[in-house]
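Student: I would like to learn how to read a model of this kind, feature by feature. Could we begin with a single element and then work outward to the chains and ligands?

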Amino acid sequence: MSRSNKKWFSLNLSRKQNDDSGTCGCGKTSGGCGSHSNDAEMSEEEFYHAAVNASIGDEREKDGFDQVFDVKMDRRTAFRKLAASLLIGAGAVNTSCSMLSSDESKEKAQIDWEEQFKGNYKLMTDDEKKNTVDRLVRSYQLRTGKTISMSSKNAEEDVLFGYAFNISKCQGYMDCVSACVKENNQDRNSQMQYIRIHEMKDGEGLKFDEADDNYYHEVPAEGHFYLGTQCFHCDNPPCVEVCPVQATWREDDGLVVVDYDWCVGCRYCMAACPYDGRRFNWSKPEVPEEEVNHNQHYLGNRMRKKGVMEKCTFCVQRSREGKNPACVEACPTGARIFGNLLDPNSTIRWVLENKKVFRLKEDLGTEPKFWYFMD
Amino acid sequence: MKQLKVFRSLVKDSFDVVTHGTVKYHIWMGFLTFMMLVGMYCYSIQLNEGLSVTGMTDRVSWGLYISNFTFLVGVAAAAVMLVMPTYVLHDVDFKQAVLIGEGLAVAALIMCLAFVIADMGGPSVLWHMIPGLGVFNFPNSMLTWDVIVLNGYLFLNITIPFYILFRHYQGKEAKSKVYVPGAILSVFWAVGIHLVTAFLYQGLQARPFWNNALLGPRFLASAFAAGPALIILVLAIIRNFTAFKIEDKTLKKIAMVVTVAAQINLIMLISELFKEFYAPTHHSESAYYLFFGLHGKDALLPWIWTAIPLNVLATVLLTFHKLRNNPKILYFSCFILFVAIWIEKGFGLIVPGFIPGPYGKIAEYTPTGVEIGVTLGIWALGAFVFTVLAKTAIGIELGELRFKNNKN
Amino acid sequence: MMSSSLFVNRSLCLIVFCMVFFSCKHEDKYHGVMEKIEAEGEHYQGVSLSSENYLEGVDTILISEGGHTFLIPERKNQIKLYACTECHSKPLAEMQEGDIKKAHWDIKIVHANEKAMNCVTCHNPSNMDELRSVTGMSIDFDNSYNLCSQCHSKQFEDWKGGAHGKRIGGWAPPRASMTCVNCHNPHQPHFESRWPARFNTQKVKERE
Ligand code: SF4
Ligand code: SF4
């Protein structure tokens, strides 16, 4: 593939010497390929490098590590070498070392390499966020030949997301569960589901232990009501506190998100969540290619790998665009209400102020931003 | 430069020592190597397939690995119960025992770290946890505290005995000014690793079974019973198979420590049981599940009802001087106490914390073959490390291993 | 011995100090999320996001009820054969007699009971293009919620505020909500019972 129409940035680990020794892309050292015939003009390749330099500058020297503890380059390179020798990023290292591989697989290896050693998304600058998103898009394209769109949109000013659930409206159809699975590219093998709908008996209060959260009969069942749970995006989330590497955090708009590439998979957050809000990828998540939702966000429904934590993000890829989460949109009864808590005119605010709302396990001090109410 | 030369010779000598031995010794080491290979094979399966090859699920998200980790932290901390009297109070009795104890601590800590790594979903990005390279969520996350204290403790427990052995190797006395501050620090540190590990669980408001003020102290008590109990067994074995002299007095003193700790542990167990069952609340369900089963689910019953009688029996046997002074009974009660606490602090603590789940749902946990394989492999690794350390240390202490200045 | 105990003391002090220092990490200004919402919402400036794009293709009308102003879908252009008078050119009685093709034969009224309601409780037999209230005032098909609210006043309150009735478009302003008849068939307003969209076999296995 021609480099001049590359849409992403590469660090050029192995190709750098080419430029230094004055060769061209075709690999000949003499001026046989045409790009050396006219010294006055910039070759396509030189132009490419100049352009990259101008637009990205020292970006190539800076990423996650530097923002974190201002680690100098040499230490980092030293670490890379160490890591390489330990074969930690086995696949990445393997392929990037082989000089015989094709351009495409080199590019793939390059991306893998940079992805393996990138920093924590939470601490990235906007440019760095964009770069990693571009890399991921490109990597997906190289692997599957399909183009996805991935956003790295940050939290909007003056927004704090909140959710209300009407337990007298919910009929237990589980349309939300279905929509959520599709929207968020959840693993089909393990049938991962962020949302649980608990079928409870009328007149017995909230007895979760006696409720059935995996019913399969015609609904609504006589004498029962339905209550949905998912991650409540606590305002004081215990799951965030405990993460040893800050792979999960609370965004400014109140969403509690996970950086799937930074998570080490210790599952401490899962133990700390009082609401069963988290799901772990015990094996490699699989979604049939034709079912993959191509409209993605880095913090949201992009493809996960095995051994990382994930959870409901209030469909960050949708909510940050002003849309409702997939569950809200799918619910045929309007039992689910979503909106901006800071907007005094929002419907969610009206519900909080005018209905008798409650939350689950309020005594734990987690301050969930997910309220229940009745008609 | 000279130090380096001595060190090189020490490494060479100890290599010689550990590669030579009786047939029994070679069988033992061969067996451990085989187990480690089995463990590695199982781990490679786990790496390939993901943690789905273990019995863990979203419901019970920590299992055998973390159980063993928790227990071994206790074993590691116990070594220090012997450090204090030896180094600080100049109680000579413990002197031989303490090197063994610290070797045990090193082995236990290595096993701890191995268990934590085995439990990780993404071992390839473990560097995210290294302070300076990744992001270290200190002091918010108790896990980061644990990383610090465990590694610090490992460092202390390697350097102190190493210093002493290194001096002895050269035929010199170890300077107490150098190692005593370290020894004292390690005493506090041992309590620290315990409490921090307990806090790891204790600090989770989501899990009422753990969120209980007695967890930390009970950890300490049970550790100071299980750790020295293991040391007694190991010393007994060493006494049998090597020329290393360990006096009965030493064993008796350690047995005393075990006894007191086991008694305190039992009292705390009773206090806990009283709280859970006298006025049971919603939060007692985990305890109900553990001891009696809940809604017909009772996978942990055989475990805990093995552990409790063993624990009580061992404590009773140890309490009577006559029985305790009989080595056979002592070894037997130490062994059952060790097993009892392994169950209690491992399976009996970690698994029921997750059952029932946040919404009262019960999904039981049974470890799979792969998981057990990895676990056995890691235990074999620990035993291997300990054997190597102990053999070298004993060699030096017996004077068989000495730096020969004129030799080459 | 002296120096070592001093060292111990110092390190102990340091540890205690660190613990106290770090445990006081209450940066939170607010006592709860409600307090925070009120305080931070006070200076609400509006958001740059808008739902307008997501409302494209839906004809909406702006209504203002009880201090709430929002969009609802237009109704009349959704009715297949509006205006009704194109067929209903004669009084009902005459149309029922004749030998013309039957219409609306499939409509069953399962709404309240026969004593309380029949067709003309809502439809105006003298002007089929409009609905009428119990007191005989005319109500436009687009504003049919005014008809429902006569009895369902509680639901009406909730609907105006936003607790009842599904939103269309996104959460971002402008607000657009479904109106009663978008979800409830006025002739049979209850929701049908049906099977859930999914069943999780894995969960069953997990719990045996
Ligand atoms: S519900 Fe659980 S996962 Fe979600 S924010 Fe709260 S503690 Fe974290
Ligand atoms: S599983 Fe991932 S997100 Fe959760 S605590 Fe561990 S590293 Fe953090």
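Tutor: Let us start with burial: a residue counts as buried when its relative accessible area is under 20%. Please keep in mind throughout that this is a predicted model.

Student: Which residues of strand S11 of chain A are buried on one side, and which on the other?

Tutor: In strand S11, residues 370-373 of chain A, A:Phe370 and A:Tyr372 lie on one side while A:Trp371 and A:Phe373 lie on the other, and all of these are buried, with the result that both faces of the strand are covered.

Student: In what sense do strand S2 and S11 of chain A pair, and over how many bridges?

Tutor: Strand S2 of chain A, residues 161-166, pairs with S11(A) in the parallel sense, over four bridges. To find the register, look at A:Ala164, which stands opposite A:Trp371 of S11(A).

Student: How should I read a loop residue, and why does C:Leu55 count as buried?

Tutor: The threshold is the one we began with, under 20% relative accessible area. C:Leu55 counts as buried because its relative accessibility is 8%, although the residue is found in a loop, the one between helix H2 (33-41) and strand S1 (60-65) of chain C. Its contacts beyond the neighbours within four places in sequence are with C:Leu71, C:Ile168, C:Gly169, C:Pro174 and C:Ala176. By contrast, C:Ala39 is 16 residues from C:Leu55 in sequence, yet the two C-alpha atoms are 32 Å apart in space.

Student: Where in chain B is B:Leu300 found, and what does this residue touch?

Tutor: B:Leu300 is in the loop between helix H9 (285-292) and helix H10 (301-319) of chain B, and it counts as buried because its relative accessibility is 2%. Setting aside residues up to four places away in sequence, B:Leu300 touches B:Tyr289, B:Leu290, B:Phe347, B:Val351 and B:Pro352. B:Leu313, 13 residues away in sequence, is 20 Å from B:Leu300, C-alpha to C-alpha.

Student: How many helices and strands does chain C have?

Tutor: Chain C has eight helices and six strands, which run from the N terminus as α-α-β-β-α-α-β-β-α-α-β-β-α-α. Of its 208 residues, 30% count as buried. Among the contacts in chain C with a separation of 6 or more, 50% come from residues 24 or more positions apart.

Student: And how is an interface described?

Tutor: Its size is often given as the accessible area lost when the parts come together. Here chain C and chain A bury about 4,900 Å² between them, with 52% of it on carbon and sulfur atoms. Of the area that chain C buries against chain A, C:Trp171, C:Arg194 and C:Arg198 supply 16%, more than any other three residues. Counted by contacts, 49 residues of chain C meet 68 residues of chain A.

Student: How many salt bridges are there between chain C and chain A?

Tutor: The count is four, and one salt bridge joins the side chains of C:Lys36 and A:Asp235, at 3.0 Å from N to O.

Student: Which residues come nearest to ligand 1, and which classes make up the shell around it?

Tutor: Of the 13 residues around ligand 1, A:Cys231, A:Phe232, A:Cys234, A:Cys239 and A:Cys273 come nearest, and by class the shell has 10 nonpolar, one polar and two charged residues. Ligand 2 is surrounded by residues including A:Cys243, A:Cys263, A:Cys266, A:Cys269 and A:Met309, and its shell has eight nonpolar, two polar and one charged residues.

Methods. Residues numbered from 1 in each chain as written. Chains lettered and ligands numbered in written order. Predicted model: local features only at pLDDT ≥ 70, side-chain atom pairs only at ≥ 80, totals over all residues. Heavy atoms only, no water. Buried < 20%, exposed > 50% of the residue type's maximum accessible area, 1.4 Å probe, protein only. Helix = DSSP H or I, 4+ residues; strand = E, 2+ residues; numbered from the N terminus. Pairing = 2+ DSSP bridges. Near = heavy atom within 4 Å. Nonpolar A, V, L, I, M, F, W, Y, C, P; charged D, E, K, R; others polar. Contact = heavy atoms within 4.5 Å. Buried area = accessible area lost by both parts, 1.4 Å probe.
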